[in-house]
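Biologist: Hi! Could you walk me through this one? I'm new to it.

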Amino acid sequence: MFSMAPNTAKTLAAPDDSGWFVIKLDSIASGNAAGNDAAIKAARANIGRSVGREYVEQFAKAVRAEVGVKINATSLARVRADLLGQGGTGN
């Protein structure tokens, strides 16, 4: 369920852009969640959300391919800048 291998390290952004965490994984200890209904329920919910997002992403990708979506990079950059308040138009 995790994306790290033993004896590796990675950085993780802290909440609210308050800094960074450096995480080093020394080893992995297998566990047994049998009898821990709360942990099993939480894991199922988390996996369900992930699968749901994956379905949405794959559906959107299929629709784009079927319809033939084209992206105007210049217009997209202008809208992004406007939404971020970097448009410089004074509107």
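Modeller: Happy to! One term to begin with: buried means under 20% relative accessible area, exposed over 50%, and partly exposed in between (1.4 Å probe, protein chains only). This is a predicted model, where local features need pLDDT of at least 70 and side-chain atom pairs count only at pLDDT 80 or more, while totals for chains, interfaces and linings use all residues. Residues are numbered from 1 along each chain as its sequence is written, and side-chain values use heavy atoms, leaving out hydrogens and water.

Biologist: Cool. Is Phe59 buried or exposed, and why?

Modeller: Phe59 counts as exposed because its relative accessibility is 60%. Phe59 sits in helix H1, where a helix is a DSSP run of H or I with at least four residues, and a strand is a run of E with at least two, numbered from the N terminus.

Biologist: And the strands, how many bridges join S1 to S2?

Modeller: Strand S1 (residues 8–13) and strand S2 (residues 20–25) run antiparallel, joined by 6 bridges. Strands pair if DSSP finds at least two bridges between them.

Biologist: Which residue is the partner of Lys10 in S2?

Modeller: Ile23 is the bridge partner of Lys10. S1 and S2 form a hairpin with 6 residues between them, and Asp16 in the turn has a positive phi of about 60 degrees.

Biologist: New topic: which side chains meet in a salt bridge?

Modeller: Asp26 and Lys24 do, at 2.5 Å, N to O. The rule asks for a side-chain nitrogen of Lys or Arg within 4 Å of a carboxyl oxygen of Asp or Glu. Both Asp26 and Lys24 are exposed.
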